[in-house]
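The exercises below are meant to be worked through with the sequence and the model side by side. Try each task before reading its solution.

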Amino acid sequence: PPAHSRNDWIGPPDKHSNLRPVIFYVPPEESPLERRLREARQEAQACDQHFWARHNCTFRQEKEEFIYSRLKAKGLEMRDETGQKATLNAEEMADFYKDFLSKNFRKHMQYNRDWYKRNFTVTFLMGQVALARALRWLRWKKKNI
Amino acid sequence: GLFLWQLKNTGIRQIPCQFGHLCRVANDRLITFQYFNFLKRMYVTQYNRDLSQRAKPKSDSVASPFRDLQQLDQEKKVMYKIRPISPVPQPLSETSSRIELKEMKSAAETEDSVTPVRAESKEDRQWKEMKLRLDDLPGILARLSKIKLTALVVSTASAGFAMAPVPFDLTCFLLASLGTGLASCAANSINQFFEVPFDSNMNRTKNRPLVRGQISPLLAVCFAASCGVPGIALLTLGVNPLTGALGAFNIFLYTCCYTPMKRMSIANTWVGAVVGAIPPVMGWTAATGSLDAGALLLGGILYSWQFPHFNALSWGLREDYSRGGYCMMSVTHPGLCRRVALRHCLALIGLSTVAPVLDITTWTFPIISLPINLYISYLGFRFYRDADRSSSRKLFFCSLWHLPMLLLVMFSCKKSFLEKEDKGDVLGGNHGRAMEIRLP
């Protein structure tokens, strides 16, 4: 993002986590409240990024292993004659999906709780910052009238 | 060759739908027709897509009457997929006959939408400034509130209103529709607010405004509040308290029960079905002021419809659900998933038969609706037996036209409260007369 910009910038989805990274603008006259908000957002972003990147990589890896083991059981190779990667159809993958979901259930429960907490905190801080800014603007207007 | 055919297909079918949109008459029937055409377009668009789209009713309920129609995005995606082939139709047009000219026109139209899509996907890969532009705001809010889904929810509520055996009151109808629409916008916005990281990880939902950072979470919540509070107030004060209470309850059920439950237990599907069933009940209570058997029947029909609709849809989304951590029947209990879908297809037949017993419709209704109910039950049975992608898709697409058709037939078989003939056109005439009495 350009150096003169006074806003946050959001980027394309991350390859692993599918989340969009945000680069936060630090205004020179940042109030402590605004700093708290920015840090909360940065922390939330880091937690989400960490969780999803790890989770998605685990998924991809386990999926590969599953496909490999199933193909081996069927006596097939990972790549067929044309060099294309062999895949299993949806019905065969269904067992894997079911397994994966139940294995990660507790992990998701924990993440859900954390995500809701973080989301509410960040949004609440945003509300406080918006209110503070509005009051500041009103005071400025009164001064200049 | 196959792609070209698909391209032509989309193009041709889009033309009649555009005509459909030109018919702006404030007549119940025509509105339904317009909406039906709109569904047809959705049907065609979805047919060309690899991923099926889930429409959600007022609340992101498992099975809503009309699945989430972020179709514009989806249509664009379709166009994007067939982009590489689009130059091909051009040389053909040189040797085109009259018929082909029409096709070329639609192909050209499609091409027009292709270039913006190309640009759009490139833009997607760039860093964007997180600044809210006022002229983008309406579009963003429309997507945040899932406006198309909201429109469909409002039309089920209207169907509930229309089926109530009372004289048609236009102001009440409009207030109820507006209130329901606002409540639905609020609920959908809160749902998106809760689900940002999960939406980013699923193909169907990764282009939502909060995911893309086009709007801040604070603004989303404020928008939800500014839709929900006036919406419920309008329903409570402008219509009746019962409808307002139902609306508020539905928002709560959707945002605080269904949305978190999606990640906790497969029971979310049943909760979501209730969420989808409530709007027509709201329409009925708005008209009559009380919860009669008729309201419950209408709600029951929509409740049952949700299951074949959603279960069929979720069959194709198992990978995304599994990775995203969503507890859905299709992933964890596939057998149950199919059984439930079939069970409720059959329940639809039963419920249609109960309608005349409750004096809502005449006996022609179960007879006329039997073919479509049997057809969806047949597809439900095929889905139950085959449990594969093609049967699930067939069932899903059937459910898309089945519901509007069922509601249309129900409306046309409505038992006239004026005790005149109770079939189709004459009923329309009755309604016209009733409206004339009301309007100055």
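A residue is called buried under 20% relative accessible area, exposed over 50%, and partly exposed in between, with a 1.4 Å probe and protein chains only. This is a predicted model, in which local features need pLDDT of at least 70 and side-chain atom pairs count only at pLDDT 80 or more, while totals for chains, interfaces and linings use all residues. Residues are numbered from 1 along each chain as its sequence is written, chains are lettered from A and ligands numbered from 1 in the order in which they are written, and side-chain values use heavy atoms, with hydrogens and water left out.

**Exercise 1. Salt bridges in chain A**

Find the salt-bridge partners of A:D95 and A:R133, and state for each residue whether it is buried, partly exposed or exposed.

Solution. Begin with the criterion: a salt bridge is a side-chain nitrogen of Lys or Arg within 4 Å of a carboxyl oxygen of Asp or Glu. In general, side chains of opposite charge can pair when their charged atoms come close. Over all chains, a search of the whole structure finds 16 salt bridges.

Next, take A:D95, whose side chain meets that of A:R70 at 3.6 Å, N to O. This pair links distant parts of the chain, since A:D95 belongs to helix α2 (residues 90-103) of chain A and A:R70 to helix α1 of chain A, 25 residues apart. Helices here are DSSP runs (H or I, at least four residues), as are strands (E, at least two), and both are numbered from the N terminus. A:D95 counts as partly exposed because its relative accessibility is 45%, and A:R70 is partly exposed too, with a relative accessible area of 30%.

Then turn to A:R133, which forms a salt bridge with A:E34, the closest N and O atoms being 3.0 Å apart. Here the link runs from helix α3 of chain A, which holds A:R133, to helix α1 (residues 32-74) of chain A, which holds A:E34, and the two residues are 99 residues apart. A:R133 is partly exposed at a relative accessible area of 46%, whereas A:E34, at 8%, counts as buried.

**Exercise 2. A salt bridge between two loops**

Which residue pairs with B:D359 in a salt bridge, and in which loops do the two partners lie?

Solution. The partner is B:K415, with the closest N and O atoms 2.7 Å apart. B:D359 lies in the loop between α16 and α17 (364-386) of chain B, and B:K415 in the loop between α18 (389-412) and α19 (424-438) of chain B, so that the pair links distant parts of the chain, 56 residues apart. As a last step, check the accessibility: B:D359 is partly exposed at 47%, and B:K415 is partly exposed at 34%. Elsewhere, salt bridges that share partners join A:E34, A:R133 and A:R136 into one network.

**Exercise 3. The layout of chain B**

Describe how chain B is divided into domains, and how many residues each domain brings to the contact.

Solution. Start with the bounds, which come from an automatic or database domain assignment: domain 1 covers 137-290 and domain 2 covers 292-421. The C-alpha centres of these two domains of chain B lie 21 Å apart. The contact, meaning heavy atoms within 4.5 Å, takes 33 residues from domain 1 of chain B and 32 residues from domain 2 of chain B. For the chain as a whole, there are 19 helices and one strand, and 57% of the 440 residues of chain B count as buried.

**Exercise 4. Two residues in helices of chain B**

Are B:N250 and B:A295 buried or exposed, and what lies around them?

Solution. Locate B:N250 in helix α11 (residues 241-261) of chain B, where B:N250 is buried with a relative accessible area of 0%. A polar atom of the B:N250 side chain lies 3.2 Å from the backbone oxygen of B:V275.

Now locate B:A295 in helix α13 (residues 293-315) of chain B; B:A295 is buried as well, with a relative accessible area of 0%. Leaving aside neighbours within four places in sequence, B:A295 is in contact with B:V281 and B:W284. The C-alpha atoms of B:A295 and B:I360 are separated by 9.7 Å, although these residues are 65 residues apart along the chain.

Terms used. Polar contact = N/O pair within 3.5 Å; in protein donor to acceptor, adjacent residues only side chain to side chain.
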